[in-house]
Amino acid sequence: MATVYYTTDHEYVSVDGDVAAIGITEHAQEALGDIVFVEVPETGKSFAKGDDAAVVESVKAASDVFAPVAGEVVEVNGDLADNPSLVNEDAQGKAWFFKLKLSNKTELDGLMDADAYAKFVEESA
Amino acid sequence: MSSNSSSENGASAAADLLRTPLFDLHVELGAKMVPFAGYDMPVQYPLGVMKEHLWTRDKAGLFDVSHMGQCLLVGASGVAHEIERMVPADIAALKDGRMRYSQLLNDAGGIRDDLMISRIGENDGREWYFLVVNGACKVADFAHIKQSIGPAFELQLLDDQALLALQGPAAVTVLEQMMPGARELAFMSIKLFETKDFGEVWVSRSGYTGEDGFELSVKADRAAALAKALLAHDDVAMIGLGARDSLRLEAGLCLYGHDLDETTSPVEGNLVWSIQKRRREEGGFPGATRIQAELRDGPARRLIGIQPQGRAPAREGAAILNEAGDEIGVVTSGGFGPTVQAPVAMGYVTLAHAKAGTPLQLVVRGKPMPAKVIKLPFVPHNYFRKPKA
């Protein structure tokens, strides 16, 4: 069973053992609107926490997706290149961007749980 | 995740933003409001940019463009000549009820703003012209016009007038029901309609989407009633600035402050069609020396349509390279075209690379992406052409 963490940049980190699936939250996809382009990183690439890792673009704007924690990319979601609107349909399900093998699990301690994130979204509205 | 564009997530909290007469309606309809040209404006409604765009191409979209600057230029005679001292279009040739697109030029032939100029006609022994300029430029434009015209002419600001645009293939059917005779209007013509419910409405067959449609200048206190009456029709939906931008970009229409500015000339901006023959030959507008030289010898750079080859949109500011990798220009408008279902862009390149079909590269996030020059527009114009009798 995966444990899901959230960042103040509206990304989620769904951790299952040593591997975490990263994507943008339901709130983020709604704020962005119609997604027209997604660029995911290459498998094998290593990120430090906070690195630019992926790109998501709506009709109007481009946004960076950061690596919320450090790790090596072990899998990417190939469906998003051909079907970027999957992010609008199922942001926190089928539309994960990439999976990281975590290099420092203690970094997860600095992230929010679902309740804290919901509160964060409410307060920043 | 962080947004690189300020237009999408600009906070609309600033207290000094102006509101159009339709502000309450936008909020009621659930619009996302953003600062634009000093106004709190709707960037999109719950339908979303993509569906709003497609709705307009398929049915009819209603736009609030009341932030734009409307004014009348009046004089006993010679008003056309007075306007021609500021713009390169042939205004003297305009018949009553006809309009032209043109540009207010600076002394170097650069574009201060672009605008619509309509000849209303003669009334009270005076000639009346109706001008619509961009919202972000209107204060400067009005000051410039006041300073440029002689003492015999008068500039009347229409601060109390809202401006709505009804655009799309269904626009004519919808408007004809409310204002019988609207369907007879030729493209780029304007007429006053006296209506029971909305007072006097100046209706022009024009717009900024590439579709058939109308712009409606109505008294501010009647604007919400007019908008609601139009929205009552099943084919009409309110459309925000986001879709307005993607519609005009697909139609290859320039956005001032992006595709045109004080440094670009109308020749560079691919607007030679808006400078009629007499003016090309006679000059007599600001910067005529430069513009006539560019007409004769070709400009150093020119605005082009760009088709990126992949799915990644190239945004404003992206560098344009030739095949060898040398920088030859810059993207001035770029995004995703919902109708063409592909990224679309416009930008300036050196004249040698402006020919349709020329391969280019666009630098997106540091990486060169293949693209090519295409003939504008991306989506064919669907303007109304009156059948010959």
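This passage describes a predicted model of chains A and B, moving from the confidence in chain B to its domains, the interface between the chains, and a few individual residues.

Confidence comes first. The mean pLDDT of chain B is 95, and 96% of the residues score at least 70. Residues 5-12 of chain B are an exception worth keeping in view, with a pLDDT below 50. In the model this stretch nonetheless has 23 contacts beyond near neighbours in sequence.

The domain assignment divides chain B into domain 1 (7-66 + 160-250) and domain 2 (300-374). Eight residues from domain 1 of chain B and 12 residues from domain 2 of chain B take part in the contact between them. The C-alpha centres of the two domains are 31 Å apart. About 720 Å² is buried between domain 1 and domain 2 of chain B, and carbon and sulfur atoms give 69% of that area. On the domain 1 side, M50(B), L249(B) and E250(B) supply 63% of the area buried against domain 2, more than any other three residues. As for polar interactions, the count of salt bridges between these domains is zero, while five residue pairs are in polar contact across the interface. Helix 3 (49-58) and helix 8 (241-250) of chain B each supply at least two residues of the domain 1 side that touches domain 2.

Helix 8 of chain B also holds a salt bridge of its own, in which the side chains of D245(B) and R248(B) meet at 2.9 Å, N to O. These residues are separated by about one helical turn, because they stand three residues apart in the helix. R248(B) has a relative accessible area of 2% and is therefore buried.

The interface between the chains brings 25 residues of chain A into contact with 23 residues of chain B. The area buried between chain A and chain B is about 2,100 Å², with 51% given by carbon and sulfur atoms. Within chain A, the residues that lose the most area to chain B are V36(A), V59(A) and K60(A), together 32% of what that side buries. Four salt bridges and seven residue pairs in polar contact are found across this interface. On the chain A side, helix 1 (26-32), strand 4 (35-39), strand 6 (52-58), strand 7 (62-66) and helix 2 (79-82) each supply at least two residues that touch chain B. Strand 7 of chain A gives the most, with five residues.

Side chains of opposite charge can pair when their charged atoms come close. One such pair is E39(A) and R365(B), whose side chains meet in a salt bridge at 3.9 Å, N to O. A network of salt bridges links E39(A), E57(A), R315(B), R365(B) and K367(B).

K367(B) also appears among the contacts of L362(B), which include I306(B), P308(B), V331(B) and M369(B) as well. L362(B) lies in strand 19 (residues 359-364) of chain B and, with a relative accessible area of 2%, is buried. In the loop between strand 18 (342-350) and strand 19 of chain B sits T358(B), which counts as buried at 17% relative accessibility. Its side chain reaches the backbone oxygen of K355(B) at 2.6 Å. Leaving aside neighbours within four places in sequence, T358(B) is in contact with H353(B), A371(B), K372(B) and V373(B).

Over all chains the structure holds 27 salt bridges. In one of them, the closest N and O atoms of D96(B) and R119(B) are 2.6 Å apart. D96(B) lies in the loop between helix 4 (79-84) and strand 6 (98-105) of chain B and R119(B) in strand 7 (residues 111-123), so the pair ties together parts that are 23 residues apart in sequence. D96(B) is partly exposed at 48% relative accessibility, whereas R119(B) is buried at 10%.

A further salt bridge joins E282(B) to R278(B), with the closest N and O atoms 3.1 Å apart. The two are four residues apart in helix 9 (residues 277-282) of chain B, which means a separation of about one helical turn. E282(B) counts as exposed at 54% relative accessibility, and R278(B) as partly exposed at 26%. E282(B) is also one of the residues touched by Q292(B), which lies in helix 10 (residues 288-297) of chain B. A polar atom of the Q292(B) side chain lies 2.8 Å from the backbone oxygen of R280(B).

Terms used. Residues are numbered from 1 along each chain as its sequence is written. Chains are lettered from A and ligands numbered from 1 in the order in which they are written. This is a predicted model: local features need pLDDT of at least 70, side-chain atom pairs count only at pLDDT 80 or more; totals for chains, interfaces and linings use all residues. Side-chain values use heavy atoms; hydrogens and water are left out. Contact means heavy atoms within 4.5 Å. A polar contact is a pair of N or O atoms within 3.5 Å; within protein, one must be able to donate a hydrogen and the other to accept it, and residues adjacent in sequence count only if both atoms are side-chain atoms. pLDDT is the predictor's confidence in each residue, from 0 to 100. Domain bounds come from an automatic or database domain assignment. Buried area is the accessible area (1.4 Å probe) that two parts lose on being put together, summed over both. Buried means under 20% relative accessible area, exposed over 50%, partly exposed in between (1.4 Å probe, protein chains only).
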